[in-house]
Amino acid sequence: MTSTAGITVSIFAALCCAPLHSTEAFTFSTNNSPLSSSSILTAPRRSNTELYNIFDAVGDILSGPKLEAEDALPYHPPFCDELSICDDGVRTFAVKERPLSFTGEDFDITEISNNNEEDFVRVRGAMLHLPGKDKMRMASSSSGENLVTMDRVLIAATPSYDLYRSDGTKIGWIEKKLISFMDTFDVYMEGKGGFGVTGLFKPTPAYRIEGDFLDRNFSFKNEEGKIVARANMDGWIQIDMMNHYQVQVAEGMDACLVLACVCCIDEEFDEEHQERKKKMEE
């Protein structure tokens, strides 16, 4: 008779090889023959392209509540009329930092919402810039049209990036919160009033970005507290020069804004890691 541990391993192995979206039930053996890995649990066979990894489902469960639709953006129009907004459910993107880059700030972003990887936008850093004065530009992969410019503020109390439209209009900025129990980034809209560097006299941010930045797992909340986007580290092994993310954007949320913020946050933590390494070497 097979041991309980053996049965558990068999069930786990079958689950890992079964598509999570399948509605077909697993078949248990009801005969009186000795239990074996094949008679305990049998899953329908699928091709490799249709298999889902059970760990992805576990990650979805642990990542928190489902995304909620963004009813109204705090600015108008969105960054791109064609690419920014989708009214047909949650969109998923893969953000890949290029390992070979002259600027160290280059990302290729594809949309993988329908299980088809399609080029979406690309982000490129400036070839020439001052130390601590990074500039990145997001452009459409299909047309090459510039959509968003992320310009790091040279003199600021906390790391900040100004966000500009393609015509040079500043729409707002993203900054790391100066006083907080945990790492937090806030997105403010231009012209909303308020002043100060500690956040005591600033208006409520349009979006607050919180989570586990060490493991690159964070979410975007709007003023109403709704989670409208989420970013997760994609892959078990990550290094600063080639981080990969999977980003989910809710219906009605500006995907270009979310992806721009993810790139800014990645660059900020990469620089912090480099600074720590230098101090340790000294």
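Two strands pair if DSSP finds at least two bridges between them. Keep that in mind for this predicted model, because strand pairing is the thread to follow here, and bridges are what DSSP counts when it pairs two strands.

Let's start with the overall picture. The protein has four helices and twelve strands. Of its 282 residues, 39% are buried. Among contacts with a separation of 6 or more, 46% are between residues 24 or more positions apart. The exposed surface comes to about 16,300 Å², and 54% of that is supplied by carbon and sulfur atoms.

Before zooming in, check the confidence. The average pLDDT is 75, and 63% of the residues score at least 70. Residues 1-61 are a stretch where pLDDT stays under 50, and the model has 47 contacts beyond four places in sequence for them. Residues 236-241 also stay under 50, with twelve contacts beyond four places in sequence. Where pLDDT is low, the predicted coordinates should not be read in detail.

Now for the strands, beginning with S12. Strand S12 covers residues 244-249 and runs antiparallel to S1, joined to it by six bridges. To find the register, look at Thr92, which stands opposite Gln248 in S12. S12 has another antiparallel partner in strand S11, residues 227-233, and five bridges join the two. There, Met233 stands opposite Tyr245 in S12. In a regular strand the side chains alternate between the two faces of the sheet.

A second set of pairings involves S9. Strand S8 (residues 184-189) pairs with strand S9 (residues 207-212) in the antiparallel sense, over four bridges, and Val187 stands opposite Tyr207 in S9. S9 also runs antiparallel to strand S10 (residues 217-222), this time with six bridges. Asp212 stands opposite Asn217 in S10. The hairpin of S9 and S10 has four residues between the strands, and Arg216 takes a positive phi near 55° in that hairpin.

Arg216 has company if you're scanning backbone torsions. Asn115 has a positive phi of about 60°, although it is not a glycine. Asn115 is found in the loop between strand S2 (107-111) and strand S3 (118-125). Is Asn115 buried or exposed? With a relative accessible area of 64%, Asn115 is exposed, because the cut-off for exposed is over 50%.

For an omega worth checking, go to the loop between helix H3 (54-62) and strand S1 (91-97), where Pro77 is found. A cis peptide bond joins His76 and Pro77, with omega about -5°.

That loop between H3 and S1 also holds Val90. Val90 is partly exposed, at a relative accessible area of 42%. Its contacts, not counting residues up to four places away in sequence, are Leu67, Ser113, Gln248, Val249 and Ala250. Gln248 is the residue that Thr92 stands opposite in S12, so you can follow the chain from the Val90 contacts to the S1 and S12 pairing, which DSSP defines through bridges. The C-alpha atoms of Val90 and Val228 are separated by 9.4 Å, although the two residues are 138 residues apart along the chain.

Which aromatic rings pair up? The structure holds four aromatic pairs. One of them is Phe93 with Phe120: the ring centres are 4.7 Å apart and the planes are at 50°, so the pair is tilted. Phe93 lies in strand S1 and Phe120 in strand S3, so the pair ties together parts that are 27 residues apart in sequence. Phe93 is buried, with a relative accessible area of 0%, and Phe120 is buried too, with a value of 5%. Another pair is Phe218 and Phe220, with ring centres 6.4 Å apart and planes at 45°, so this pair is tilted as well. Phe218 and Phe220 are both buried.

One last side-chain arrangement involves a charge and a ring. The charged end of Arg165 sits over the ring of Phe79, 5.7 Å from its centre.

How values were computed:
Residues are numbered from 1 along each chain as its sequence is written. This is a predicted model: local features need pLDDT of at least 70, side-chain atom pairs count only at pLDDT 80 or more; totals for chains, interfaces and linings use all residues. Side-chain values use heavy atoms; hydrogens and water are left out. Buried means under 20% relative accessible area, exposed over 50%, partly exposed in between (1.4 Å probe, protein chains only). Rings of Phe, Tyr and Trp (its six-membered ring) pair if their centres lie within 6.5 Å; planes under 30 degrees apart count as stacked, over 60 as edge-to-face and the rest as tilted. A charge sits over a ring if NZ of Lys or CZ of Arg is within 6 Å of the ring centre and within 35 degrees of the ring normal. Contact means heavy atoms within 4.5 Å. Accessible areas come from the Shrake-Rupley method with a 1.4 Å probe; for residues, only the protein chains shown count as cover. pLDDT is the predictor's confidence in each residue, from 0 to 100.
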